[in-house]
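Hi everyone, thanks for making time. Let's bring the model up on the screen and walk through a few spots together.

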Amino acid sequence: MRGFEFSKFKPNQIQKGGFEELLKLFLELLNYTAGDAGEALAWMNELDKQYNLTNDEYGMGNFIDDLKQRGYLTEEEQNGEFRITAKTEQSIRESALEEIFGKLKKSGKGNHRSPQSGQGDEKNAERREFEFGDSLDQINMTQSIHNAQVNHGIGDFMMTERDLEVEEMDYKTLTSTVLMIDISHSMILYGEDRITPAKKVAMALAELIRTTYPKDTLDIVVFGNDAWPITLKDLPYLQVGPYHTNTYAGLELATDLLRRRKTHNKQIFMITDGKPTCLKEGTKYYKNSIGLDRKVVNKTLNMAAQCKRLKIPITTFMIAKDPYLQQFVRKFTETNGGKAFYSSLNGLGEYIFEDYIKNRRKTVR
């Protein structure tokens with residue numbers, strides 16, 4: 001008989017000085033140091049002094065040796081500088097995915113449910129309770145019988161609707177996404193680090209697509225005075241520059257990238273905390289950070305309208321609360337026919353993941 005055995009919970013003591021615990025901290029710090037391994041290790045030394053992260057049996061020197069032996073770190077022979085490896089870059093992405101996607105999976109049921117429940121054509125790994133409208137071939141009978149045994153016992157076996165468990169279904173649609181990240185100077189102003197959460201979301205989304213939806217595509221565009229594409233490998237090292245915000249250039253590049261994708265579903269996710277303040281005219285830049293410049297705003301809105309004509313919806317994730325900036329985003333969203341989320345930094349990942357999975361279950365013709 002399959003079932004559950006319950007025992008008294010005994011919390012384990014946190015094991016200080018273990019490699020796995022220190023590795024989690026090291027990967028987290030790399031997000032803040034833009035992939036600078038030496039700086040991250042220096043921070044860990046300071047934290048160790050303050051919080052006694054290591055012990056007499058396993059110190060920071062042992063941890064660094066293990067990082068090198070296990071392929072997370074290399075040391076330059078000429079100057080002794082530490083550099084992270086491709087294995088570390090992947091570990092950072094996996095850590096970001098678990099941090100963000102793990103929260104979603106633990107939240108209430110239905111976060112990944114299609115609006116047309118039960119009518120998908122490809123099973124995925126998600127499970128949920130049966131609901132009216134689900135087709136019978138979605139029911140996972142083995143798990144449902146197991147639930148009935150646990151809930152009612154086997155002496156007087158019975159099965160109710162509450163015991164039924166169904167497998168989620170995805171549509172066999174391919175989705176091409178461009179994630180735009182604002183790297184203007186305001187992303188680190190006012191004592192708030194906004195670029196690190198944006199990087200984490202990008203790395204987590206990329207890892208989700210790579211592992212769960214490998215036929216989907218994700219392009220990443222950063223925009224400041226100009227806009228340019230970056231690769232997945234570049235993400236851990238991404239930093240904010242002394243830039244204004246050329247939203248028009250970012251949208252123009254994102255649209256060009258999506259034109260080349262032979263898919264029906266195309267979308268742009270834009271993470272920004274400010275207003276457009278810059279345009280490039282020939283070899284010169286037109287800049288105005290005071291208020292909302294009519295010239296810059298109008299050209300940006302025209303680009304949003306062009307995306308609408310190309311059936312490319314833009315979802316804007318606004319991480320600033322200024323009323324006049326939110327008013328611009330509302331006008332921008334209305335022009336494009338897309339969506340806008342006024343998100344805190346803590347909720348940014350959840351919003352993007354839910355919207356991505358919801359959108360990929362639609363087919364745009």
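Let's start with Lys199, which is buried (under 20% relative accessible area, 1.4 Å probe, protein chains only) yet has no salt bridge, meaning no side-chain nitrogen of Lys or Arg within 4 Å of a carboxyl oxygen of Asp or Glu. The nearest side chain of opposite charge, counting Lys and Arg as positive and Asp and Glu as negative, with His and the chain ends not counted, belongs to Asp193, 7.5 Å away.

A quick word on the source: this is a predicted model, where local features need pLDDT of at least 70 and side-chain atom pairs count only at pLDDT 80 or more, while totals for chains, interfaces and linings use all residues. Residues are numbered from 1 along each chain as its sequence is written, and side-chain values use heavy atoms, with hydrogens and water left out.

Back to Lys199: you'll find this residue in helix 6 (residues 195-212); helices here are DSSP runs of H or I with at least four residues, numbered from the N terminus. Setting aside neighbours within four places in sequence, Lys199 is in contact (heavy atoms within 4.5 Å) with Asn31, Ala34, Leu235, Pro236 and Leu238.

Now, over to helix 10. Helix 10 covers residues 348-359 and reaches 17 Å from its first C-alpha to its last, close to the 16 Å expected at 1.5 Å times one less than its number of residues. Why is helix 10 largely enclosed by the rest of the structure? Because nine of its 12 residues are buried, including Phe353, Tyr356 and Ile357.

Methods:
Helices (H or I, at least four residues) and strands (E, at least two) are DSSP runs, numbered from the N terminus. Buried means under 20% relative accessible area, exposed over 50%, partly exposed in between (1.4 Å probe, protein chains only).
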